[in-house]
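The following note is offered to a colleague who is meeting this structure for the first time. Its points are numbered so that each may be checked against the coordinates in turn.

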Amino acid sequence: MESIARISDLLESARELTLDAASAARSSRASSRPLDRNQIKKLLDSRNDREILEGLRRVISMMYRAQKTLPFFSSVVKNVASPNIEIKKLVYIYLIHHAEQEPDLALLSINTIQKSLSDTNPQVRALALKTMSGIRVPVISQIVSLAIKKGVADMSPFVRRAAALAIPKCYRLDPAQRPQLVDYLAALLADRQYFVAGAAVAAWIDVCPDRIDLVHRHYRGLVRKIVDMDEWSQMTTLRMMTCYARRCFPRLMRSVSTGPPKTHTAHTATKTPDLGEFYGETPSPGYGETPPRHGDTPPRHGDTPPRHGDSASSGDTHQVPVLDPDLVLLLNGIRPLLQSRNSAVVIATTRCYTDIGTPEYLKAAVGPLIALLRGPQDVQQIALYNIVSVCLSSPQDFVKYANHFLIRATDPPPVWELKLEVLTLIFPHATARVKSLILSELEHFSGSTDKALVKEAVRAIGRCAQADATTAPRCLRLLLAQITSLDGTLAAESLTVIRHLIQQDPEGHIATVVRLAKNLDSATDPQARATIIWLVGEFAGINGEDNIAADVLRILVKDFASESEAAKRQIVLLAAKVYLHHINRQAEDKTPETPEPFETPETPETPEPNQDEHVVAKLWDYVLLLVRYDTSYDLRDRARMYRALLSVPQLATLMLLAPKPAPQAPSPSETRKGFPLGSATLVLAGGGGVHGLRGYEALPPWVADGHEPDPRLRDTEPPTPAYGEDRVVPASQRLDSAARSAPSAVVARSNGLGAQGGQGGQGEAVGAKSLDDWLAEEEADDDDDEEDAETDSDEEEEEEDDDDEDEYEEESSEGEEENDRLVKSP
């Protein structure tokens with residue numbers, strides 16, 4: 001009969017599977033056909049689990065398509081008591097979504113959900129706890145807290161994980177529950193299951209990130225578990241460990257010698273302390289120095305130690321951080337995370353090394369960061385933002401990976417912009433071959449058809465020239481070859497970069513300005529022509545009358561009316577500078593060389609434009625006349641301002657001929673410097689609209705030396721929680737503990753010994769023996785029984801042999817007696 005029942009169960013299961021498969025196939029074909037409200041309600045009110053499940057699927061599908069599903073609330077919630085776990089899952093999802101809109105009806109299902117907390121299936125218990133904490137009704141906050149307390153003490157780690165994830169939800173529902181929730185967190189952080197501890201860390205960050213005292217005892221355990229956690233838990237644990245390290249481990253530095261000590265020779269000069277050299281100023285020859293004397297002795301012990309860089313120094317030294325052993329444990333423990341398949345974990349590990357590690361640890365993270373460039377384009381872009389941030393602080397570590405930053409034809413603009421930035425950052429630290437490769441790459445893309453790419457390539461060439469002076473001539477030649485290009489964008493950007501390079505060393509680029517002036521006729525872009533005219537005006541005061549500025553001005557005013565607005569402004573400025581230099585030269589010629597004592601030299605009178613017949617003055621008058629009839633209000637206002645300013649040559653000199661600071665072209669990502677890796681603020685460079693980004697929190701500062709917590713707090717192992725170690729103890733040990741705690745008589749009666757437990761000290765043996773001892777004795781008794789059985793069988797065989805011998809002896813004796821009778825008979 002049992003076999004028949006088993007066969008019938010198998011057939012029923014096969015029938016259910018067949019029906020489910022057919023229903024799934026039918027629903028997949030007819031899923032596009034919507035059902036009306038009455039039909040869906042009919043499915044939800046059905047007594048068949050399959051029809052209820054079909055109705056719930058349609059309701060959930062409607063809910064995620066933003067359709068109205070609130071009218072089905074009563075029909076859905078009444079299925080919360082169904083024993084089918086698939087139905088429970090869908091009902092819980094619907095309940096969480098609509099509980100805020102129907103809080104009264106949602107409260108009616110709380111009792112059923114509470115009953116599910118005691119279900120024998122841990123999956124059902126965890127799902128019930130998740131649902132109860134997801135119902136955002138403040139009235140049930142205490143019920144949720146009690147449910148979390150029950151989940152914390154649950155034997156199943158899945159339920160304990162659900163309790164850890166429910167703690168932040170309960171805290172947001174009712175912040176007054178924080179003290180109880182912190183107590184639950186203290187127990188969950190000590191959990192031996194890594195996925196429970198990871199969820200507890202996430203709850204700790206949301207509820208009490210300032211309570212680092214909860215972490216002290218579990219610090220080393222969490223470091224050991226972090227490798228086994230899931231990706232989300234790994235990221236939250238890395239974030240917590242970073243904050244913990246900066247609050248508990250002071251940043252100590254020590255000096256390390258990197259070079260051999262310098263020996264004193266007879267030619268070594270003894271140098272006296274000099275304040276000028278102390279403040280970084282180079283003293284004049286002989287200032288503060290003592291001439292070398294023969295027989296000078298080195299400084300004795302107790303003298304003022306030599307400064308870094310002095311000839312008496314014992315060698316070059318640099319500062320290196322001193323790491324705490326627990327910090328080293330963390331940095332070494334998270335190293336395997338660099339090989340994670342999740343790009344966010346790799347970036348989080350790199351951020352940890354950047355914030356609390358040393359350059360040696362950061363160098364190990366460069367390769368995994370480069371490996372992220374093999375992913376999709378969105379992953380590449382985020383990875384490049386983080387690579388650029390790391391490259392700003394340590395560009396030399398990326399030099400050997402320069403080939404990975406070469407632009408591909410399929411790269412979108414955000415990706416190739418960041419790649420160009422990385423190439424310019426590593427350029428000063430690269431070898432000659434890599435520098436030549438980078439410049440060839442930039443030269444190639446400066447001729448691209450994409451105007452945005454052309455601009456960025458030319459700007460990158462300028463940044464390379466500013467970063468490495470040895471390659472500046474080659475960069476300048478590349479840019480000068482582009483000024484005659486028919487592409488106005490390329491010519492304008494090239495001239496802008498050339499202007500920046502010329503301002504770095506004006507005296508060494510006079511010939512470059514002359515060459516640019518010769519190419520002025522071929523420059524058609526308005527911005528390019530304006531840049532060349534401005535450069536000519538900056539060099540208008542060199543070589544006096546032999547300067548080309550006046551001749552360039554003469555050529556430009558011939559076609560003044562057809563110039564662009566930007567070029568006209570620079571022509572007026574050039575005319576003002578040329579005329580100002582002419583006035584200053586005339587003033588120098590009229591100034592007496594040796595004025596009489598106590599006699600104030602007369603201020604030369606500024607000649608009126610109509611009284612001076614010099615060609616420069618005529619050019620100035622002609623430019624003013626042209627501007628007077630120009631249609632631009634701005635241009636006419638500028639001309640009036642320059643004419644009023646030139647009436648006071650000293651003020652005009654300060655305003656127009658003042659030395660200009662050399663412009664710097666920093667990396668575009670300099671504004672992102674200081675933001676943590678992996679954050680949205682890093683990608684948006686601190687932007688995010690008018691009000692900025694919400695939720696950004698800066699890293700805590702390093703704790704001062706002497707103010708850190710006692711390291712012995714991390715030496716103690718966490719106490720065993722009520723649900724932790726006892727839940728994994730074998731049943732034999734539980735019985736042993738129960739036997740030790742129970743009275744001997746009770747144990748004796750429970751083991752069927754009765755009154756014999758007190759004889760011969762046997763009562764003590766019952767309480768003292770463990771289950772293993774009892775099992776060993778049973779095995780010994782079994783062995784004795786087997787030996788007794790063997791002995792009995794041997795004895796039986798011996799008895800049988802003895803019986804046979806006795807019978808044989810009896811037969812032989814009978815035979816002898818018969819022989820005796822036969823002998824005696826005659």
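1. A network of salt bridges links four residues, namely Arg 220, Asp 326, Arg 714 and Asp 715. The reader should bear in mind that the model is a predicted one. Across the structure, 24 salt bridges are found, and several further examples are taken up in points 2 to 4.

2. One salt bridge joins the side chains of Asp 468 and Lys 435, with a distance of 2.5 Å from N to O. The two partners come from distant parts of the chain, 33 residues apart: Lys 435 belongs to helix α22 (residues 432-445), while Asp 468 sits in the loop between α23 (451-467) and α24 (472-480). Are these two residues buried or exposed? Both Asp 468 and Lys 435 are buried.

3. Helix α23 takes part in another such contact, since Arg 459 in that helix is paired with Glu 493 in helix α25 (residues 488-504), 34 residues apart. The closest N and O atoms of this salt bridge are 3.2 Å apart. The burial of the two partners should be stated separately. Glu 493 has a relative accessibility of 12% and therefore counts as buried, whereas Arg 459, at 36%, counts as partly exposed.

4. A third pair, Arg 529 and Glu 563, forms a salt bridge with an N to O distance of 2.8 Å. Arg 529 is placed in helix α27 (residues 526-538), and Glu 563 in the loop between α28 (549-558) and α29 (565-590); the pair links distant parts of the chain, 34 residues apart. Why do both partners count as buried? Arg 529 does so because its relative accessibility is 13%, and Glu 563 likewise because its value is 13%, the cut-off for buried being under 20%.

5. The nonpolar interior deserves attention next. The largest nonpolar core holds 192 residues, and the members that touch the most others are Ile 148, Trp 204 and Phe 405. Which element gives the most to this core? It is α29, with 11 residues. Domain 1 (37-247) and domain 2 (358-591 + 614-657) both give residues to the core, so the core lies between these two domains.

6. The largest pocket contains about 1100 Å³ of space. Its lining is made up of 41 residues, and those nearest the centre of the pocket are Arg 239, Arg 351, Ser 679, Gly 695 and Glu 697. Two or more lining residues come from each of α10 (157-173), α12 (194-207), α14 (231-248), α17 (343-356) and α33 (680-684). Of the elements, α14 gives the most to the lining, with 10 residues.

7. What is the make-up of the lining of the largest pocket by class? It has 23 nonpolar residues, together with 9 polar and 9 charged ones.

8. Tyr 353 is a residue of helix α17. With a relative accessibility of 1%, Tyr 353 counts as buried, because the cut-off is under 20%. Its C-alpha atom is separated by 9.2 Å from that of Lys 363, 10 residues apart along the chain.

9. Ser 632 is found in the loop between α30 (615-628) and α31 (633-645). At 11% relative accessibility, this serine counts as buried. Between Ser 632 and Glu 565 there are 8.1 Å in space, C-alpha to C-alpha, although the two are 67 residues apart in sequence.

10. Gln 664 also belongs to a loop, the one between α32 (649-656) and α33. Its relative accessibility is 58%, so Gln 664 counts as exposed. The C-alpha atoms of Gln 664 and Arg 463 are separated by 8.5 Å, while the two residues are 201 residues apart along the chain.

11. The last point concerns backbone geometry. Ala 66 is not a glycine, yet it has a positive phi of about 65°. Where is Ala 66 placed? Ala 66 lies in the loop between α3 (49-64) and α4 (73-77). Its relative accessibility is 72%, and Ala 66 therefore counts as exposed, the cut-off being over 50%.

Technical notes:
Residues are numbered from 1 along each chain as its sequence is written. This is a predicted model: local features need pLDDT of at least 70, side-chain atom pairs count only at pLDDT 80 or more; totals for chains, interfaces and linings use all residues. Side-chain values use heavy atoms; hydrogens and water are left out. On a 1 Å grid over the protein atoms alone, a cavity is a set of points where a 1.4 Å probe fits but cannot get out, and a pocket is an open set with protein on both sides within 12 Å along at least five of seven lines; lining residues have an atom within 4 Å of a point. Grid points are joined across faces, edges and corners, and a volume is the space filled by probe spheres set on the points. Helices (H or I, at least four residues) and strands (E, at least two) are DSSP runs, numbered from the N terminus. Ala, Val, Leu, Ile, Met, Phe, Trp, Tyr, Cys and Pro count as nonpolar, Asp, Glu, Lys and Arg as charged, and the others, Gly among them, as polar. Buried means under 20% relative accessible area, exposed over 50%, partly exposed in between (1.4 Å probe, protein chains only). A nonpolar core is a set of buried Ala, Val, Leu, Ile, Met, Phe, Trp, Tyr and Cys residues joined through side-chain atoms within 4.5 Å. Domain bounds come from an automatic or database domain assignment.
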